[in-house]
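Reader: Could you take me through one part of this structure slowly, as you would at the bench with a colleague? I would like a close look at the largest pocket and what surrounds it.

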Amino acid sequence: MKQLSLFEDEIHLQKKYHLEKTIDQIRLRYGFKSIKRCSMLLDKELSDFDPKNDHIIFPVGYF
């Protein structure tokens with residue numbers, strides 16, 4: 001179920017949905033780092049972040 005909005009029309013929501021779906025398909029095909037925000041290129045810490053390899057919530061030796 002989708003929540004209705006008073007401020008966005010259906011055409012705009014469809015365009016955003018298709019854009020997100022296209023970005024996901026490109027990232028699946030060419031890798032996560034294939035599409036980035038411009039601000040990430042300016043910050044080395046953000047541009048090197050890989051959520052699949054760098055993001056560890058609980059290290060193995062934690063427990």
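Author: Happily; here is a walk from the whole chain down to the pocket and one residue in its lining.

Please keep in mind that this is a predicted model. The mean pLDDT of the protein is 76, with 65% of the residues reaching 70 or more. Confidence peaks in helix α1, at a mean of 90, and is lowest in helix α3 (residues 44–47), at 66. Where pLDDT is low, the predicted coordinates should not be read in detail.

Now for the setting. The protein has 3 helices and 0 strands, so from the N terminus on the order reads α-α-α, following the definition of these elements as DSSP runs. Of the 63 residues, 5% are buried. The accessible surface comes to about 6,600 Å², and carbon and sulfur atoms account for 60% of that.

Helix α1 covers residues 10–30. At 1.5 Å a residue, its 21 residues should span 30 Å, and the end C-alpha atoms are indeed 30 Å apart, so expectation and model agree. Just after α1 comes G31, which takes a positive phi of about 105°.

That brings us to your pocket. The largest pocket has a volume of about 150 Å³. Its lining consists of E20, I23, D24, R27, I35, K36, R37 and M40. Helix α1 gives the most to this lining, with 4 residues. Why might one helix supply several lining residues? An α-helix has 3.6 residues a turn, so residues three or four places apart point the same way. By character, the lining divides into 5 charged residues, 3 nonpolar and no polar.

Let us finish with D24, one of the lining residues. D24 sits in helix α1. Is D24 buried or exposed? Neither label fits: D24 has a relative accessible area of 44%, so it counts as partly exposed, a class that lies between under 20% for buried and over 50% for exposed. I35 also lines the pocket. D24 and I35 are 11 residues apart in sequence, and their C-alpha atoms lie 9.4 Å apart in space.

Terms used: Residues are numbered from 1 along each chain as its sequence is written. This is a predicted model: local features need pLDDT of at least 70, side-chain atom pairs count only at pLDDT 80 or more; totals for chains, interfaces and linings use all residues. Side-chain values use heavy atoms; hydrogens and water are left out. Helices (H or I, at least four residues) and strands (E, at least two) are DSSP runs, numbered from the N terminus. Buried means under 20% relative accessible area, exposed over 50%, partly exposed in between (1.4 Å probe, protein chains only). Accessible areas come from the Shrake-Rupley method with a 1.4 Å probe; for residues, only the protein chains shown count as cover. The expected span of a helix is 1.5 Å times one less than its number of residues. pLDDT is the predictor's confidence in each residue, from 0 to 100. On a 1 Å grid over the protein atoms alone, a cavity is a set of points where a 1.4 Å probe fits but cannot get out, and a pocket is an open set with protein on both sides within 12 Å along at least five of seven lines; lining residues have an atom within 4 Å of a point. Grid points are joined across faces, edges and corners, and a volume is the space filled by probe spheres set on the points. Ala, Val, Leu, Ile, Met, Phe, Trp, Tyr, Cys and Pro count as nonpolar, Asp, Glu, Lys and Arg as charged, and the others, Gly among them, as polar.
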